[in-house]
Every structure is written in structure tokens, then in C-alpha cells.
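Okay, everyone, thanks for coming. I'll put the model up and then walk you through a few parts of it.

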Amino acid sequence: MNYDVIIIGAGPGGIFSAFELVKEKPELKVAVFESGHALEKRRCPIDGDKIKSCIGCKTCSIMSGFGGAGAFSDGKYNITNDFGGTLYEYIGKQKALELMRYVDEINMAYGGGGTKLYSTAGTKFKKLCIQNDLHLLDASVRHLGTDINYIVLENIYTHLKDKVDFFFNTPVENVKAIDGGYEVCLADKSYTCEKCVVSVGRSGSKWMEKVCVEMGIPTKSNRVDIGVRVELPAEVFSHLTDELYESKIVYRTKEYGDLVRTFCMNPKGAVVNENTNGIITVNGHSYEDPAKQTENTNFALLVAKHFSEPFKDSNGYGESIARLSNMLGGGVIVQRFGDLIRGRRSTEDRIEGAFITPTLRATPGDLSLVLPKRILDGIVEMIYALDKVAPGTANDDTLLYGVEVKFYNMEVEVNENLMSKKYEGLYIIGDGSGITHSLSHASASGVLVARDIVK
Ligand SMILES: Cc1cc2nc3c(=O)[nH]c(=O)nc-3n(C[C@H](O)[C@H](O)[C@H](O)COP(=O)(O)OP(=O)(O)OC[C@H]3O[C@@H](n4cnc5c(N)ncnc54)[C@H](O)[C@@H]3O)c2cc1C
């Protein structure tokens, strides 16, 4: 065998697998194959000046490379079982929290020290939310910020680079079970290993599906979350964000009984494009450094859609909606809440005349031509509900960017150690497994499998 362990994907799941393997058994021969660039070479060409929108690079530097989708993220590590994945269903709530706390300790030791850990425990906002038919979820959240998150990744890479063989710009094409292990096939050659950890994230979702079909690994259809990113003056949510940083609030719509939730709140942050398999959607992040902060806060409002029979392709449904916005807007569409309510599109003039400066250059348009009525109605209802706890949310000038889609991978069949039930020694972890959807859960899954391998 060329290696004891090969890890596919250098996102948080892959990085924490490598970290823990090296820590627990330094004599192991470990390789990491990553289709994207090394950290210092990752750069999205959008500069807001010469290049204003996504040009569809061969590998998206926002989604791929050392650090995975998390590298330029806001670096919010939520320590909770209430959202971010269902790891606890495999290993129990206590163990899942312990692993997330362990990941937090590593992040603190590698450059995150001094960043703030926020908590919803005992806050007055829970009561305020319930009084207004909103539900604040429990969590502790470590906000590293995009800048410190990058430093932590840099430090972890420096620590690992001489102990692990990293292959960047090296997409894995296939994985084959061989006698006593696995063959990991690249375009022009292949490597063998005894154990293989697959951690390909959301950008590797299509690849993961292909591998599961080829290897006969059962999968379950998952959900897709569809909605918009809301951007408003930071003052509107400052009473919540100053104390909690991020508030995950859930609302059940009166009209359809659907659940709408806030997601990925970025105080004084920026709205950004995200490219998943060529489809441009919207996301957000913010910096810890006050010099890089903006005057706006952004967060997503998402509605979850599950499908059962006969249609199972939740991601395909989300993609089609995102494609519609890309078709009409050439990318992401932005609309003032006031324009949406009045049934008219936003125009350059209306956006320029607003009392808020957008942080992302998007095409002014009409989101009602893109989002299904049921989803849009739910979002509008939630904006009015949020207006009661954060007055100003339903202002005419509140900006809605669309669409934001959270794709979830098919859930892959694995055992309680995240090892394929069919293939001994093949681990499938992180967002690519459909089990995690966040930095903390994906990282925790990496630690979990490394410990199992060492054992
Ligand atoms: C802009 C943005 C902001 C976010 N903000 C937050 C946040 O604040 N908090 C939070 O909890 N989550 C956030 N997320 C989500 C978070 O980044 C992911 O949940 C997390 O990165 C998942 O980790 P992972 O290791 O499973 O996968 P990923 O981070 O997606 O890493 C997978 C890696 O595998 C590589 N890969 C894929 N296929 C192959 C292949 N065939 N061969 C080789 N390599 C391959 C990819 O290039 C990628 O680098 C954000 C995501 C984005 C895009």
C-alpha cells in the first residue's frame, strides 16, 4: 500500500481527520488529495471593480482548496445539536458536543485564542421571541471571523505539511475496493491505501453520488433549503447580535404551517456569491477585524423542502430554482422588500435611492418571478414576524438577495463510526456524507473517524 490512510478533500472534515491521525499516531503514512488550490493560492477573482460577478473558474476558490468551503466563511463554529447536522443520531448528543468542544480547543490553540464564545443560555431574547411566536434555538457559537479563521487554517497547515502528503489541484476520479484496502484513482495514476476517508463536502456532492452508485452504497434522499439573504442596517439587529452574535430563530407560518428559519447571521458583514457546480447562489460572511466591517447585517431566511415519492431529487429542485434566478439576473437578483410587497421589480434607480448600500453587486429584479409562491409567502410572513422583535426588518429598503439555497448531500449509509456498512475501512464524513452541514459538525466527524482508525 502507498499509504495507511488517504483522505479525499481538505475541508474541515478532512483537515481534522489528518490532524487527529497525526496527533494520535504520528507514524501513520497519510495523504490528502484535494481538487482545489493550496490555501495561499485560493483567490476569488471578483474584485467588485474589474470583475463584478462570478466568471465560473474551473475550481471555485470559495468552495474548494485547503480549508474547504469553510476557508472564507465567517468561521462560526456552532457548538450545538440543534442545527448544523445530525451527527448526534450516530454517536449520541453528549459525544457530539464533546467532539465539537475539542475542535474548538484546537482552533483556540492554533490562532483563535481571544475570539468570543457567544451563548443563548439564559438570555432575555428567548422570552421576547416566544412572546412573538418565534423560537430561538439553543447554541454556543464561537465566532472566529473570516480573518482569524484564515489564520487558524494557515497555522494548522504549517503544523501538518511536513507530516502529511498534501496533493492540491488533484481531483480524485474514482475509489475502488481492492484486496486489503482501496485504490484512489486520479486522472493519470492511482494510489493505494488501507483506510480511506471521503470528505468531499457539498462541492463534491455529484461526485459522491456517482461513487455511491458505482460501489453500490445505499443513500437516502435529503432535503433542500430555499430562500433569500436579507441585508439591513446593522442597528436593526444590534440588540441581538451584540449579545448573541448569531440568533437561529424558527417561525411556523400561519398560512401553510411551514417552518422558516434564520441562518448564518453576519453582523456588519458582506453578502457574497457562491458557486455550486456552476450555479450562482448567495451567501454571507463577516470579519472579526472592525476595520473590515460594513454598516450592514445579513442573514438568510430559509424554508426546508423534503420530497418523498415519486420525486426524490431535492437538490435538483433547488438547482432549478437557482438556475431561474441566474437566467433572469445573470447571477444573483436583489430586490427591496418594499418593491416585492408592491409587486414591482427593483431597478438600479430604486436600489441606488435606498437608505442602505448593498454589499454585493447583484442584478435588481423581481424575486416573485423566481421563488415558488409558498416559499415566498413564508419568507414575507417571517419578515413581518421578525419586525416585532427587531423593528425595521420589514422596512421598504430592506434588501433581499436571491436565491440562497442550502444543498444537502444524499445521506450515505454508514455505521456509528461513520464507516460504510458495506466496505470495511471506508469512512464517509462531513457535508459529503449528508450527515453534517456545518464547520463544527464536519470537523467533529473528522476527529471521530481518525480516532476509530487509530483504535
Ligand atoms: C461562504 C460560506 C460561508 C459559510 N459559513 C459557515 C459558517 O459560518 N459556519 C458554519 O458552520 N458553516 C459555514 N459554511 C458551511 C461550511 O463551510 C461547511 O459546512 C463545511 O466546510 C463542511 O466541511 P467539509 O469538510 O465536510 O466539506 P468542504 O468544506 O466542502 O470541503 C470538501 C473539500 O473536498 C474537495 N473535493 C470535492 N470533491 C473532491 C474530489 N473528487 N477530489 C478531491 N477533492 C475533492 C473540495 O474541493 C473541498 O475543498 C459556509 C459555507 C460557505 C460556502
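Let's begin with a small sheet. It's open, has 3 strands in the order E3-E6-E4, and the pairing is antiparallel. Strand E3, residues 76–79, and strand E4, residues 117–119, sit at the edges with a single partner strand each, so one side of each has no neighbour in the sheet. From one strand to the next, the twist averages 25°. And yes, keep in mind that this is a predicted model.

Now look at how E3 meets strand E6, which covers residues 140–143: they're antiparallel, with 4 bridges. If you want one pair to find on screen, take Asn78, whose bridge partner in E6 is Val141. Lying across E3 and E6 there's helix H3, residues 93–112, and it runs at about 150° to E3.

E3 also turns up at the ligand. Which elements each supply at least two residues of the shell? Those are helix H1 (12–24), E3, strand E15 (270–276), strand E16 (279–285) and helix H12 (439–454). In total 46 residues surround the ligand, and the closest are Gly9, Gly11, Gly68, Gly201 and Gly430. By type, the shell has 25 polar, 15 nonpolar and 6 charged residues.

Zooming out, the chain has 12 helices and 22 strands. Its radius of gyration is 21 Å, close to the 23 Å from the globule rule for 455 residues, so the chain is as compact as a globular protein of that length. The C-alpha trace spans about 65 × 45 × 45 Å along its principal axes, and 52% of the 455 residues are buried.

Conventions
Residues numbered from 1 in each chain as written. Predicted model: local features only at pLDDT ≥ 70, side-chain atom pairs only at ≥ 80, totals over all residues. Pairing = 2+ DSSP bridges. Axes fitted to C-alpha atoms, helices over the stretch in contact; angles between N-to-C directions. Contact = placed C-beta atoms within 7 Å. Near = placed C-beta within 6 Å. Nonpolar A, V, L, I, M, F, W, Y, C, P; charged D, E, K, R; others polar. Rg over C-alpha atoms; globule rule 2.2 N^0.38 Å. Buried ≥ 20, exposed ≤ 12 C-beta atoms within 10 Å, placed from the backbone.
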